[in-house]
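Grab a pen and work through these exercises with the viewer open. Each one sets a task and then walks through a solution.

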Amino acid sequence: MTDASTDVLIVGAGPTGLTLALDLARRGAAVRIVDKSPAHPRTSRAKGPNPRSLEILADLGVVDEVLAAGSAPLPMRVYRDHRPVAETDPWADAAPTPATRFDRPWLIAQWRLEEILRARLAGHGVRVELGREVVGLEEEADGHHVDVTFADGRAERARYVVGCDGAHSPVRKLLGITFDGTTAEDQVMVSGDVELDHEDLGRDRWHQWFDADGAVMLCPIPGTRTGWWFQAGPERDADGRPLAPTLDGFRRLLTQHTGLPGRHLTRAELLSTYRVNVRMADRYRVGRVLLAGDAAHVHAIAGGLGMNTGIQDAFNLGWKLGQVLTGQADAGLLDTYEEERLPVAAWTLDLTSDRLRATLEAIREPGGNLSSAMTPETAGLGIGYRWSSLAGTEAGTEAGKAPDAPATGPHPGDRAPDAPCRDAATGERTHLYGTFAGPHTTVLGFGPASAAVLREVAATYGEGPGVRACRVYAADEDHGTAEPGSLIDDQGHAAAAYGFGAGGSGLVVIRPDHHAGIVAPAGDPGSVREYLRRLHGAPGMVDAVR
């Protein structure tokens, strides 16, 4: 057994594991990521990130590549009895707002997204270790390490282990964590990636054939000439049991429901049978081992929240592990991961089950389509943690809200809104999320009264990566002596979004995962001081861990 030179061992190299590895690596953690697969998968499975996940990918520095490699979501063309009967575009009225840069999800094959994340991770010197299957976990008696046994007999040690290894998670099973829920044996779908070249089938639409006796859905895979996501109701045997998907079976389904000649479907791979599973782990942490993504929760595919919920799990967990690893916070901070994300998983299970019911009902009628699965909630932008112990509270006030906090704007625990601004030093256009981006907490100060608190924050935490103080000047304020990193709210969107209004003042601490920690009056250094101490340690501790 070697000494633990690994801070975090991540098991599973899908989008959840890669997001977590990348977030930790940029924080300087000694992270490793292993996967039992012998090669990187080429599965297209999830259709892409939703707006909240796009914000996370922007923070990680990869969103431009993701946008370039994918495409905007496509309008839906619906057929009945081989004939088109309806067209709909669920995102036709969507538009960016000052508070939200991304107004719609993005189509990209999962394997391509994983390639982009792996390349960024490799820039930090971390590469996925393939063919590494974990078969044993044991926390050391000293409580400081986890011993990990691999299928090849080797044993290694890490300070923490995170299972991002899917719905059948060996890590979860090794921990003995229950995965309660249901499997709907009668709700079955077959899917795969296919090559289909037919001149009458335009790649500018997501084609959906719904008949009384089944369905076929074909969505073009971005970045390919003839690649499509294929989803369908399965073929069944004489007793009504679903048959396993095959190339010939896909051809028969294609002809039956679309009327297109089956010979045009020349390849089908990554074939799978999907049954609706609605399950959730009863806990996300056992000592120094944690779960994220499908290892912790699975649900109906309606709304496309599977991969997205995993990415958002990882982004919640990454900064907390980072703070604990550097000694800036004690291990109790990790308890807030389950505290915050487990209720979100429960909500997601309910939402996706409801959207599945709505969709199944809609497609019974001619013209009904998959847009019933999409609601504003599936964008992920409304998810927050007002119930969390990290949502700063004060005695005698509304839960999660400091005294005299503005009546509008985000409450502690809410996602922090974005807003367009100008850089005070250069005059160049920027936005609040550009200031938030990176592995740090941000303290926003509005109004002259906030200046003293921001100076104290800067003096206490310095120019390191831990905490960034940012003065947000109103358009008519004198900013001639602005501190580096200050912003000008030239259009008033930032003050409005945070509830301070024109000429208002106040302080907002933004956690590294873009959620408000506390909202406080501009002249209240105590609230800010205490909150930062909880996340980043006392000033002496900060100096010690640098």
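**Exercise 1. Work out how well strand β10 is covered, and on which faces.**

Solution. Keep in mind that this is a predicted model.

Step 1: Go along the strand and check burial. Six of the six residues of β10 are buried, so call the strand mostly covered.

Step 2: Sort the residues by side. In a regular strand, side chains alternate between the two faces of the sheet. Here one side carries Trp206, Gln208 and Phe210, and the other carries His207, Trp209 and Asp211.

Step 3: Put the two together. Residues on either side are all buried, which leaves both faces of β10 covered.

**Exercise 2. Find which strands pair with β10 and in what sense.**

Solution. Step 1: Look at β3, residues 76–80. Four bridges join β3 to β10, and the two run parallel. To see one of the pairs, pick Arg77: its bridge partner in β10 is His207.

Step 2: Now look at β11. This pairing is antiparallel and has five bridges. Trp209 sits opposite Val216 of β11.

Step 3: Check the connection. Two residues lie between β10 and β11, and the two strands form a hairpin.

**Exercise 3. Describe helix α6: how far does it reach, which residues are buried, and what covers them?**

Solution. Step 1: Take the span. α6 covers residues 247–258, twelve in number, and reaches 16 Å from first C-alpha to last, close to the 16 Å expected at 1.5 Å a residue.

Step 2: List the buried residues. They are Gly249, Phe250, Leu253, Leu254, His257 and Thr258. Around the axis they cover an arc of only 140°, so they end up on the same side of α6.

Step 3: Ask what lies over them. The cover includes β10 from Exercise 1, along with β9 (179–196), β11 (214–220), β12 (227–232) and β13 (265–281).

Step 4: Look just past the helix. Gly259 follows α6 and has a positive phi, near 80°.

**Exercise 4. Repeat the analysis for helix α12.**

Solution. Step 1: α12 (residues 525–536) has twelve residues, and its first-to-last C-alpha reach is 16 Å, close to the 16 Å expected at 1.5 Å a residue.

Step 2: Its buried residues are Ser527, Val528, Tyr531, Leu532, Leu535 and His536. Viewed down the axis of α12, they fall within an arc of 130°, so they line one face of the helix.

Step 3: Just after α12 comes Gly537, with a positive phi of about 85°.

**Exercise 5. Count the disulfides, then explain the case of Cys421 and Cys470.**

Solution. Step 1: Recall the chemistry. A disulfide is a covalent bond between the sulfur atoms of two cysteines. The cut-off to apply is a sulfur pair within 2.5 Å.

Step 2: Count. The total is zero disulfides. Cys421 is in none, and its nearest cysteine sulfur, in Cys470, is 7.6 Å away.

Step 3: Turn it around. For Cys470, the closest cysteine sulfur is that of Cys421, and 7.6 Å is too far for a bond.

Step 4: Add burial. Cys421 is buried at a relative accessible area of 0%, and Cys470 counts as buried at 1%.

**Exercise 6. Map the surroundings of Arg32.**

Solution. Step 1: Place Arg32 in strand β2, residues 31–35.

Step 2: Leave out residues up to four places away in sequence; Arg32 then touches Thr6, Val8, Leu9, Ile10, Glu129, Arg132 and Glu156.

Step 3: Look for a polar contact. The side chains of Arg32 and Glu129 are joined by one of 2.9 Å.

Conventions. Residues numbered from 1 in each chain as written. Predicted model: local features only at pLDDT ≥ 70, side-chain atom pairs only at ≥ 80, totals over all residues. Heavy atoms only, no water. Polar contact = N/O pair within 3.5 Å; in protein donor to acceptor, adjacent residues only side chain to side chain. Contact = heavy atoms within 4.5 Å. Buried < 20%, exposed > 50% of the residue type's maximum accessible area, 1.4 Å probe, protein only. Expected span 1.5 Å × (residues − 1). Arc of directions from axis to C-beta. Pairing = 2+ DSSP bridges.
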